[in-house]
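Subject: Structure for your review

Dear colleague,

I am handing over the structure below, and after it you will find my notes on what turned up. Please read them alongside the coordinates and the sequence.

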Amino acid sequence: NVLILDFGSQYTQLIARRVRELNIYCEIHPYNKLPENLSDFKAVVLSGSPFSVRGEDAPHPDLSEIRGKKPLLAVCYGAQYLAHFSGGEVAPSNTREYGRANLSFIKGGEEFFNGISVGSQVWMSHSDTIKSLPTGAVLLASTGDVTNAAYKIENEETYAIQFHPEVYHSTDGKQLLDNFLIGIAKIQPNWTPNSFVDTTVSELKEKLGNDKVVLGLSGGVDSTVAAVLLHKAIGSNLYCIFVNNGLLRKNEFASVLQQYEGMGLNVKGVDASARFLEALAGESDPEGKRKIIGRVFIEVFDDEANQIEDAKWLGQGTIYPDVIESVSVNGGPSATIKSHHNVGGLPDFMKLKVVEPLKMLFKDEVRRVGGSMGLDPELLGRHPFPGPGLAIRILGDITPEKVSILQEVDAIFINGLKENGLYDKVWQAGAILLPVQSVGVMGDERTYEKCVALRAVESTDGMTADWVNLPYEFLQKTSNEIINKVKGVNRVVYDISSKPPATIEWE
Ligand code: XMP
């Protein structure tokens, strides 16, 4: 178990991912809220921060429970923090200390730098520099511009580095974390998808006993993997509900339901399309649509859940990025919880306790856990799809006719991506029905019909995204097929906007 203390760096989550890639479990906690079970953590990493240690409102945590008592790795701000308060000096730097640099000196015979040689590329991102090392420190490495790039404190297992081992551009960063965590801190790298499944299933058994759990399946990766884990633990005491809101992709409801049944899940499909579409009639405001869909979903789900006698728990596919307590940078160094649609989504009138077996996993870890339980790779590789579905891809008001036009267009596009080996190269794709009619000509007839936009983006987390440079021939073929086959559409455009400043969805 590794504890990562977050000082608000944009890279903190990356540290966690790198540590987990070494098959070592870790948790992120805000710097000003040490976990109660501190003794369970075998090593601590201090993250970077947008603050300067010299700033008045910079994080200045009390590390007396940690320093000298556990192996400690201080990254960037962490390294400056140790220096500043332990007899060293930190000052604004006057040389360029952003981006790539190369190690020009490494002290010999140090386990910390095992397998890393002079010349190794590291990534810097700081505006202060460590002018002199803290008391008891030994210099371990330098770069051309930064003399004090790494140091350790004698007679402690305390290491500090000015660069960021967690970013991809630090080419030996993973080796360094390996040297520290496995070599120096002697942590066993035994946290794997299989071990996660085994421990989680036994914890769930213990926690849930003979209780019944209700879970809403969405067809997405997270809810599916959560369901399979719960199913392994409590079998038929897991009651899954899969709601068709009428805004899913073409044939999605039937095919996914069949897939769930094939997996042995106890699942009830509820076709509430009409109820959703009626509630949405006439609404064209994007947030208005989202609210209606959220409300109707809760009503439908609650009706179903109430039919399951004595249900005690609500299962959810919440994942780690939704729950990490992050250090709020804009509002000062106070800890806030990110608001997200999956967190706190439990309506008051559903008096169920919540069980979230994936709460500590990142998305790619959820996929690996799913893979280790034998889930269909196609299901695990699915693109994300928004909860409100096609409703936010039909600009303006929603009618059944528009939904079915968009389903046809979307199916041609998505199947085309799959058939041409492009689907897995794209993070998310879909079609948008625009509130625009334009003139066309088909045969000898003038047409005045709808326009659709195609969108395909690459991204890692949906926070930033860029449009994908799909081959022209593919776009040409897709456009022809859409216009020829989908009645009511006479024009196709391709969205070439990045996020920011655009967003992935149009609403
Ligand atoms: P944007 O459009 O904000 O989308 O760039 C980022 C990611 O979030 C998805 N998205 C939603 N997902 N409910 C959801 O469950 C929503 O209301 C919603 N809006 C956007 C979007 O598909 C993309 O993956």
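Two strands are said to pair if DSSP finds at least two bridges between them. By that criterion S3 and strand S4 (residues 72-75) pair in the parallel sense, over three bridges, with Val45 standing opposite Leu73 in S4. Please keep in mind throughout that this is a predicted model.

On its pairing with strand S1 (residues 2-6), S3 is again parallel, here over four bridges, and the bridge partner that Val2 finds in S3 is Ala43. Within strand S3 (residues 43-46), Ala43 and Val45 point one way while Val44 and Leu46 point the other way, and all of them are buried.

Val2 also matters for the nonpolar interior: the largest nonpolar core has 129 residues, and Val2, Leu230 and Val409 are the ones that touch the most other members. The largest share of this core, nine residues, is supplied by helix H5 (residues 221-234). Leaving aside residues up to four places away in sequence, the contacts of Val2 include Val19, Ile24, Cys26, Phe41, Leu181 and Ile187, as well as Ala43 and Val45 from S3.

Turning to helix H6 (residues 252-262), the buried residues there are Phe253, Val256, Leu257 and Tyr260. Seen down the axis of H6, these buried residues fall within an arc of 105°, and so they line one face of the helix. This is in keeping with a general point, namely that an α-helix has 3.6 residues a turn, so residues three or four places apart point the same way. The buried residues of H6 pack against strand S12 (212-217), strand S13 (238-244) and strand S14 (267-271), whereas Gln258 and Gly262, on the other side of H6, are exposed. After H6 comes Gly264, which has a positive phi, near 85°.

As for the ligand, 12 residues surround it, and the closest are Pro386, Gly387, Thr503, Ile504 and Glu505. By type, the residues of this shell divide into four nonpolar, five polar and three charged.

Lastly, a loop position: Thr147 lies in the loop between strand S9 (137-143) and strand S10 (150-153). Thr147 counts as partly exposed because 17 other C-beta atoms lie within 10 Å, a number that falls between the cut-offs of 12 or fewer for exposed and 20 or more for buried. Thr147 and Gln162, which are 15 residues apart in sequence, are 9.9 Å apart in space, taken from C-alpha to C-alpha.

With best regards

Note on methods: Residues are numbered from 1 along each chain as its sequence is written. This is a predicted model: local features need pLDDT of at least 70, side-chain atom pairs count only at pLDDT 80 or more; totals for chains, interfaces and linings use all residues. A residue is near a molecule or strand if its C-beta atom, placed from the backbone, lies within 6 Å of it. Ala, Val, Leu, Ile, Met, Phe, Trp, Tyr, Cys and Pro count as nonpolar, Asp, Glu, Lys and Arg as charged, and the others, Gly among them, as polar. A nonpolar core is a set of buried Ala, Val, Leu, Ile, Met, Phe, Trp, Tyr and Cys residues joined through C-beta atoms within 7 Å. Helices (H or I, at least four residues) and strands (E, at least two) are DSSP runs, numbered from the N terminus. Two residues are in contact if their C-beta atoms, placed from the backbone, lie within 7 Å. The arc is that of the directions from the helix axis to the C-beta atoms.
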